Amino acid sequence: SNVFTPNGDGINECFKPVFLAATGDTLAQCIDMEIYDRWGVKVYQSSGHTDVVCWDGSTLHKAKAKEGTYYYIIKFGKSTYKGYVTLLKDKK
């Protein structure tokens with residue numbers, strides 16, 4: 001999924017990589033994930049295993065990121081994945 005809603009309801013709270021196909025890499029390898037805003041400013045970075053790397057909508061400075069579309073780069077072993085993710089918030 002490329003949309004997530006970190007709103008505290010326990011559903012779809014974070015954006016994290018899920019690997020379904022064989023990539024030639026093992027899941028024991030470290031994953032590096034970087035998130036950038038539309039101006040190319042890095043807003044989030046995380047490294048670790050698949051159960052650790054998860055963007056919850058917070059920034060590097062622990063503030064809540066604004067609703068919008070962000071660019072991600074995920075490095076897993078020898079593979080690199082790039083794309084877009086949209087952060088949505090409740091309209092209360």
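1. Let me start with the aromatic pairs: in this predicted model, the count comes to six. One of them joins Phe4 and Phe15, whose ring centres are 6.4 Å apart with planes at 35 degrees, so this pair is tilted. Phe4 belongs to strand β1 while Phe15 sits in the loop between β1 and β2, so the pair ties together parts that are 11 residues apart in sequence. Both Phe4 and Phe15 are buried.

2. Another pair worth a look is Trp55 with Tyr70. Here the ring centres are 5.1 Å apart and the planes stand at 75 degrees, so Trp55 and Tyr70 form an edge-to-face pair. Trp55 comes from the loop between β3 and β4, and Tyr70 from strand β4, so parts 15 residues apart in sequence are tied together. Trp55 and Tyr70 are both buried.

3. If you colour the rings in your viewer, you can follow how the pairs join up. Phe4, Phe15, Tyr44, Trp55, Tyr70 and Tyr72 are linked into a cluster by ring pairs. Both pairs described above, Phe4 with Phe15 and Trp55 with Tyr70, have their rings in this cluster.

4. Now for the cysteines. How many disulfides does a search of the whole structure find? The search finds one, formed by Cys14 and Cys54 with their sulfur atoms 1.8 Å apart. Cys14 lies in the loop between β1 (3-4) and β2 (31-36), and Cys54 in the loop between β3 (42-48) and β4 (68-76), so the disulfide ties together parts that are 40 residues apart in sequence. As for its surroundings, Cys14 is partly exposed, with a relative accessibility of 25%.

5. On to the strand pairing. β2 and β3 run antiparallel and are joined by six bridges. Within this pairing, Glu34 has Gln45 in β3 as its bridge partner. The two strands, β2 and β3, form a hairpin with five residues between them. In the turn, Gly40 has a positive phi of about 85 degrees.

6. Lys42 deserves a point of its own. This residue is found in strand β3 and is partly exposed, at 29% relative accessibility. Leaving aside residues up to four places away in sequence, Lys42 touches Glu34, Ile35, Tyr36 and Leu60. For Lys42 and Leu60, the C-alpha to C-alpha distance is 8.1 Å, with their positions 18 residues apart in sequence. The side chain of Lys42 also makes a polar contact of 2.9 Å with the side chain of Gln45; Gln45 is the bridge partner of Glu34, and Glu34 is among the residues that Lys42 touches.

7. Finally, two backbone angles to check. Which residues have a positive phi although they are not glycines? One is Asn12, at about 55 degrees, and another is Lys62, at about 65 degrees. Asn12 is placed in the loop between β1 and β2, the loop that also holds Cys14. Lys62 lies in the loop between β3 and β4, where Cys54 and Trp55 are found too. Are these residues buried or exposed? Asn12 is partly exposed, with a relative accessible area of 35%, whereas Lys62 counts as exposed at 71%.

Definitions and conventions
Residues numbered from 1 in each chain as written. Predicted model: local features only at pLDDT ≥ 70, side-chain atom pairs only at ≥ 80, totals over all residues. Heavy atoms only, no water. Disulfide = S-S within 2.5 Å. Helix = DSSP H or I, 4+ residues; strand = E, 2+ residues; numbered from the N terminus. Buried < 20%, exposed > 50% of the residue type's maximum accessible area, 1.4 Å probe, protein only. Contact = heavy atoms within 4.5 Å. Polar contact = N/O pair within 3.5 Å; in protein donor to acceptor, adjacent residues only side chain to side chain. Phe/Tyr/Trp six-rings, centres within 6.5 Å; stacked < 30°, edge-to-face > 60°. Pairing = 2+ DSSP bridges.
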